[in-house]
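Here is a friendly walk through one protein model, with a few spots picked out for a closer look. Keep the sequence and the 3D view at hand as you read.

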Amino acid sequence: MKIIFLSTCYPKKSNSSNGIFIHRQAKALQELGVDVHVMQPVNWFPPFGLHKLHTYWRQGYKDLSEMLDEVEGIPVYHPRMFIKMPTRIFFMDGWERMGRTVGKYIKRRKELRDADWIYAHFLCYEGYAGTFASKIAGIPLAAIARGDDVHAWPEKWPELVKNLRVVFRKANLLLANSKGLALDTQKWFDASFEKEVHTIYNGVDTLRFNPSQDKSDIGLIKNKMGLPSNFKFMICLATPILLKGWLEIFDALELLGQKLVEWKLVVVSPNYKGPDYLDLKEEIH
């Protein structure tokens, strides 16, 4: 079997953990014998330094300079999305442009055109792009819900709801990474629409993340990490943004108070400074 992953979220030179959950699934499939390829499109830009003359071109140059051609043996392709200008005359939705570019790119590449599936990660963006790629390349589309594409983005940007419903109709296989998310995905269906949303969990490396059966190991680990031995610990690992639920867990700990005196929360968060950055230390204070 050959699967083409379509995702703009994938490990890059300056951030090897970017989209690592998607890559781990790709790697697991590869280890099971699946021939996996990844599509990570970028804006087209002219050569000889001319990319500096326009915003779209500068963005394409910057994005490509960060992308990898392979990650742990999985090939990554970077189709160039050409943007006709002026865009107010030659307007095209950016995700449609991506899908059409990817579809044509797949048809041109001998090693890609016989793929069994296009697998799009996130419904209302890459999934929507995937509907165009699937039609052009003649390859079935699977699209997976991963959270924000169901729980946050459609509510914040209602125009995305129509994209979701296009994916619902045109994807050959709808997926979600939890049963709860699968049910929440179906809440966006049109009243008369019915389709099963299958659950495919992200998966866990059980060799690396294997709970010890020896309680003495827990003490050794706490000592190694400089953690006091007289507390139990819960760990929350997430980007420092509001959507990850940090305020909810802080509020819950404050509300429970004395009921959790034996517990401490370990906050693990990357050095992220985007526009939606949440100062966790300030919030804890």
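For the charged patch that comes first, patches are made of residues with over 30% relative accessible area and no salt bridge, and like charges are joined within 9 Å. Lys and Arg count as positive and Asp and Glu as negative. Please also bear in mind that this is a predicted model.

**A negative patch on the surface**

With that rule, a patch of negative charge appears on the surface, where Glu 248, Asp 251, Glu 254, Asp 279, Glu 282 and Glu 283 gather. Two helices, α10 (246-256) and α11 (280-284), are the elements that give two or more residues to this patch. Helix α10 gives the most, with three residues. Glu 283 has its place in helix α11. With a relative accessibility of 37%, Glu 283 counts as partly exposed, and a patch residue needs over 30%.

**The protein as a whole**

Stepping back, the secondary structure comes to eleven helices and twelve strands. The C-alpha trace spans about 65 × 50 × 40 Å along its principal axes. The protein has 285 residues, and 39% of them count as buried. Among contacts with a separation of 6 or more, 66% are between residues 24 or more positions apart. The accessible surface comes to about 17,600 Å², and carbon and sulfur atoms account for 56% of that surface. As for charge, there are 39 positive and 32 negative side chains, with the centres of the two sets 7 Å apart.

**Salt bridges**

How many salt bridges are there in this model? The count comes to seven, and three of the pairs are set out here.

| Pair | Closest N to O distance |
|---|---|
| Arg 24 and Glu 72 | 3.1 Å |
| Arg 100 and Glu 96 | 2.9 Å |
| Arg 109 and Glu 111 | 2.9 Å |

The salt bridge between Arg 24 and Glu 72 links distant parts of the chain, 48 residues apart: Arg 24 is in helix α1 (residues 20-31), while Glu 72 is in the loop between β4 (70-71) and β5 (74-77). Arg 24 is partly exposed at 43% relative accessibility, and Glu 72 is partly exposed at 43%.

Arg 100 and Glu 96 sit four residues apart in helix α3, so they are separated by about one helical turn. Arg 100 is partly exposed, with a relative accessible area of 31%, whereas Glu 96 counts as buried at 18%.

In the third pair, Arg 109 is partly exposed at 29% relative accessibility, and Glu 111 is partly exposed at 28%. Elsewhere among the salt bridges, Lys 2, Asp 35 and Asp 114 are joined into one network by bridges that share partners.

**Backbone details**

Some backbone angles deserve a look. Met 85 and Pro 86 are joined by a cis peptide bond, with omega about 5°. Pro 86 is found in the loop between β6 (80-81) and α3 (94-108).

Phe 48, although not a glycine, has a positive phi of about 65°. Its loop runs between β3 (42-43) and α2 (55-66). Phe 122, also a residue other than glycine, has a positive phi near 85°; Phe 122 lies in the loop between β7 (117-121) and α4 (123-137). Which of the two is buried, and which is exposed? Phe 48 is exposed, with a relative accessible area of 81%, whereas Phe 122 is buried, at 12%.

Helix α9 (residues 215-224) is hardly covered, with one buried residue among its ten residues. Just after α9, Gly 226 takes a positive phi of about 70°.

**Two buried strand residues**

His 37 lies in strand β2 (residues 35-39) and is buried, with a relative accessible area of 6%. Beyond its neighbours within four places in sequence, His 37 is in contact with residues including Lys 2, Phe 5, Tyr 77 and Glu 111.

Cys 236 lies in strand β11 (residues 232-237) and counts as buried at 16% relative accessibility. Leaving out residues up to four places away in sequence, Cys 236 touches Trp 246, Ile 249, Leu 265, Val 266, Val 267 and Val 268. Measuring C-alpha to C-alpha, Cys 236 and Ile 144 are 24 Å apart in space and 92 residues apart in sequence.

Note on methods:
Residues are numbered from 1 along each chain as its sequence is written. This is a predicted model: local features need pLDDT of at least 70, side-chain atom pairs count only at pLDDT 80 or more; totals for chains, interfaces and linings use all residues. Side-chain values use heavy atoms; hydrogens and water are left out. Patches are made of residues with over 30% relative accessible area and no salt bridge: like charges are joined within 9 Å, nonpolar side chains (Val, Leu, Ile, Met, Phe, Trp, Tyr) within 5 Å. Accessible areas come from the Shrake-Rupley method with a 1.4 Å probe; for residues, only the protein chains shown count as cover. A salt bridge is a side-chain nitrogen of Lys or Arg within 4 Å of a carboxyl oxygen of Asp or Glu. The place of a charge is taken as NZ of Lys, CZ of Arg, CG of Asp or CD of Glu. Buried means under 20% relative accessible area, exposed over 50%, partly exposed in between (1.4 Å probe, protein chains only). Contact means heavy atoms within 4.5 Å.
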